[in-house]
Amino acid sequence: MSTLNGAPPGIDIVDETFLAVPPGTVAAAFADPAAWRRYWPDLVLDVYTDRGDEGLRWTVRGALVGTMEVWLESTLDGTLLHYFLRATPRTPMTPRQLRREFDHRARAAKAVALGLKEILEDGREPGIPPRSS
């Protein structure tokens, strides 16, 4: 996908994090648009595909222009959270600024995933079955 003026995206991030909870639990964390503003405060997201328990796809505006996706894959006894961001900064950047922006966005994506892991797993130890509700 091209983003601005037909150019390839300046930022192309792919990340994966395993969460030991069902996909529906992770999907609920992304269901509220208010959560999007907390996770990505400088981006305006518009859903173009709502895949329910399998995640969301958005168009991105604001500081970046492009697309973003959270794909939730049922794996073992939990969910593999796949994160994709393909976007270009709204304002031109030098190669060095673009590398910094890439690093900032990649770290922010991992922080969102690990934050959800900590909250949603609620102290679950590896190899221990989920708590009954």
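Start by selecting β1, residues 11-19. This strand has two faces: I11, I13, D15, T17 and L19 lie on the covered one, while D12, V14, E16 and F18 make up the uncovered one. Keep in mind as you click around that this is a predicted model.

Now add β5, residues 78-89, to your selection. β1 and β5 run antiparallel to each other, paired through nine bridges. For a spot to zoom in on, find D12 and look across to β5, where R86 stands opposite.

Next, bring in β4, residues 64-75. β4 and β5 are antiparallel too, joined by twelve bridges. Pick G66 and you'll find A87 of β5 opposite. The two strands make a hairpin with two residues between them. Stop at L76 in that turn: its phi is positive, at about 50°.

From β4, step back along the chain to β3, residues 55-62. Here's another hairpin, this time with one residue between the strands. β3 and β4 pair antiparallel over six bridges. Select W58 and follow it across to its bridge partner in β4, M68.

Leave W58 highlighted and look inside. Which residues touch the most other members of the largest nonpolar core? They are F30, W40, W58, Y83 and L85, out of 28 residues in that core. Plenty of elements chip in: β1, α1, α2, β2, β3, β4, β5 and α3 each supply at least two residues.

Zoom in on Y83 for a closer look at its neighbours. Leaving out residues up to four places away in sequence, Y83 touches I13, V14 and D15, then W40, then M68, E69 and V70, and also A109. You've already met I13 and D15 on the covered face of β1, and V14 on the uncovered one.

A109 takes you to the next stop, α3, residues 95-121. Try a distance between its end C-alpha atoms: they are 39 Å apart, and that agrees with the 39 Å its 27 residues should span at 1.5 Å a residue.

Now colour the buried residues of α3: E101, R105, A109, V112, A113, L116 and E121. Check the spacing as you go. An α-helix has 3.6 residues a turn, so residues three or four places apart point the same way. What do the buried residues of α3 pack against? Show β1, α1, α2, β2, β4 and β5 to see their packing partners.

Last stop: D122, just after α3, where phi turns positive, at about 50°.

Notes. Residues numbered from 1 in each chain as written. Predicted model: local features only at pLDDT ≥ 70, side-chain atom pairs only at ≥ 80, totals over all residues. Heavy atoms only, no water. Core = buried A, V, L, I, M, F, W, Y, C linked by side-chain atoms within 4.5 Å. Buried < 20%, exposed > 50% of the residue type's maximum accessible area, 1.4 Å probe, protein only. Helix = DSSP H or I, 4+ residues; strand = E, 2+ residues; numbered from the N terminus. Contact = heavy atoms within 4.5 Å. Expected span 1.5 Å × (residues − 1). Pairing = 2+ DSSP bridges.
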